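New notebook page, new structure. I'm starting with the strands and will work outwards to where the chains meet.

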Amino acid sequence: MTEASLPELDPVIHAQARLRVTVALAGLHHGDQITFPRLQQLLDMTAGNLSTHLRKLEDAEYVEITKAYEHRTPVTLVKLTAKGRAAFESYTTALHRLLDATGGS
Amino acid sequence: MDDDEEQPMSAAESLNLIARQDERTRRELGASPARLLGVWAFTWLVGWGLVFLADESHARPLMPGWVAGIVVAVLFVAAIVYSAYYGSRISRGIRGPSRRIGAMYGWSWMISFAALSLINISVMNAGRLDPHTISLLWSGTSLLLTGVMYLAGGMLWQDKLQYGFGVWIVVCGGASVLVGVPGNFLVLSLAGGGGFLVASLVYFVRERRGRPARETT
């Protein structure tokens, strides 16, 4: 392994839970948002766990979280930012380069 | 909190995780309408097939025409209910353009078919049409409208398969009038229902392949 010459993987995305959150959000159409409970259901995560990871993604400005009211009920809406989408794309590119470099093992 | 202490993923594990979550997201957000189209394929093939087999022009009709009519009505109501359920399920928890477009599209079906029924019933009453002409009026116009709705869907979602399917159904609408009664029911069943079946299978195969091309870009 020649770690030094290989591309660095974004540590914000390169963690199982946050990677799955990013993939799910990237699956939305442009301009769409998803409610917190639906995202939770898509990922099978506990609310606490999902909140923790969303906060980290939000700190990196990869995710935008909006609090709104619908029929006087508060809803939390989540979407991937343009920066987050770009980060995810370069992350997958890096993965493929790593895989090529290590001969697919 | 918890997973940062986990073993770091290898590139292959990571890609595998991406593929699995992506597949799940696509399935739940309705990227592949294979099952929905399958329900409609069944409705058209069986429903219109029975109407064809029950037609009085046959030496031995399979069943009385009114029985076939009831079966068609029940199948259509069930398929419409399933479609509404499918639409609400995939748009649950989603906010933004795609939910709005989906709702508008769903209502377009309802509104335009309600108007079509009103027009056809009025024409039937005003024109004192014979049963054959009535049959052709309904099969021709409903195939045309169904086809046009799929053309619109193809444009909305930039889906060539859906657009092509719309073209096919529109052509079937023209053909159903040309072949006359009871051939029009055969067009509805085999060409229309068969078209739904082919579209459903194509989406199913695409879903299975999981579109690996998307990841490698």
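**Entry 1: the sheet.** I looked up the strand pairing and found four strands in an open sheet, ordered β2(A)-β3(A)-β1(A)-β1(B), with antiparallel pairing. The edges are β2 (63–70) of chain A and β1 (94–95) of chain B, each of which pairs on one side only. Note to self: this is a predicted model.

**Entry 2: β2(A) with β3(A).** How many bridges hold this pair? I count eight between β2(A) and β3(A), in the antiparallel sense. To pin down the register, I noted that A:Glu64 stands opposite A:Lys79 in β3(A). The hairpin these two strands make has two residues between the strands, and there A:His71 takes a positive phi near 50 degrees.

**Entry 3: β1(A), with a partner on each side.** I checked β3(A) first: β1 (residues 33–35) of chain A pairs with β3 (residues 73–80) of chain A over two bridges, again in the antiparallel sense. Then I turned to the other chain, where two bridges join β1(A) to β1(B), and these strands run antiparallel too. Which residues partner A:Ile34? In β3(A) the bridge partner is A:Val78, and in β1(B) the bridge partner is B:Ile94. A reminder I jotted in the margin: in a regular strand the side chains alternate between the two faces of the sheet.

**Entry 4: stepping back to chain A.** I tallied four helices and three strands in chain A. Read from the N terminus, the elements go α-β-α-α-β-β-α. I also looked up the extent of the chain: the C-alpha atoms of chain A fill a box of roughly 55 × 25 × 20 Å along the principal axes. What lies across the strands of this chain? Helix α1 (residues 16–26) of chain A does, crossing β1, β2 and β3 of chain A and running at about 95 degrees to β3(A).

**Entry 5: where A meets B.** I asked how many residues are in contact and got 37 from chain A against 31 from chain B. The size of an interface is often given as the accessible area lost when the parts come together, so I looked that up as well. Chains A and B bury about 2900 Å² between them, with 54% of it on carbon and sulfur atoms. For polar contacts between chain A and chain B, the count is 15 residue pairs, both residues being at pLDDT 80 or more.

Which elements of chain A supply the side that touches chain B? α1, β1, α2 (36–43), α3 (47–59) and α4 (82–101) each give at least two residues. The largest share, eight residues, comes from α1(A). Sorted by type, the residues on that side of chain A divide into 16 nonpolar, 14 polar and seven charged.

**Entry 6: salt bridges.** Side chains of opposite charge can pair when their charged atoms come close. I searched the whole structure and got seven salt bridges over all chains. Between chain A and chain B the count is three. I wrote down two examples. In one, the side chains of B:Arg95 and A:Glu70 meet at 2.6 Å, N to O. In another, A:Arg38 forms a salt bridge with B:Glu28, with the closest N and O atoms 3.8 Å apart. That pair crosses between chains, from helix α2 of chain A to helix α1 (residues 11–28) of chain B.

Methods: Residues are numbered from 1 along each chain as its sequence is written. Chains are lettered from A and ligands numbered from 1 in the order in which they are written. This is a predicted model: local features need pLDDT of at least 70, side-chain atom pairs count only at pLDDT 80 or more; totals for chains, interfaces and linings use all residues. Side-chain values use heavy atoms; hydrogens and water are left out. Two strands pair if DSSP finds at least two bridges between them. Contact means heavy atoms within 4.5 Å. Axes are lines fitted to C-alpha atoms, for helices over the stretch in contact, and angles run from 0 to 180 degrees between N-to-C directions. Buried area is the accessible area (1.4 Å probe) that two parts lose on being put together, summed over both. A salt bridge is a side-chain nitrogen of Lys or Arg within 4 Å of a carboxyl oxygen of Asp or Glu. A polar contact is a pair of N or O atoms within 3.5 Å; within protein, one must be able to donate a hydrogen and the other to accept it, and residues adjacent in sequence count only if both atoms are side-chain atoms. Ala, Val, Leu, Ile, Met, Phe, Trp, Tyr, Cys and Pro count as nonpolar, Asp, Glu, Lys and Arg as charged, and the others, Gly among them, as polar.
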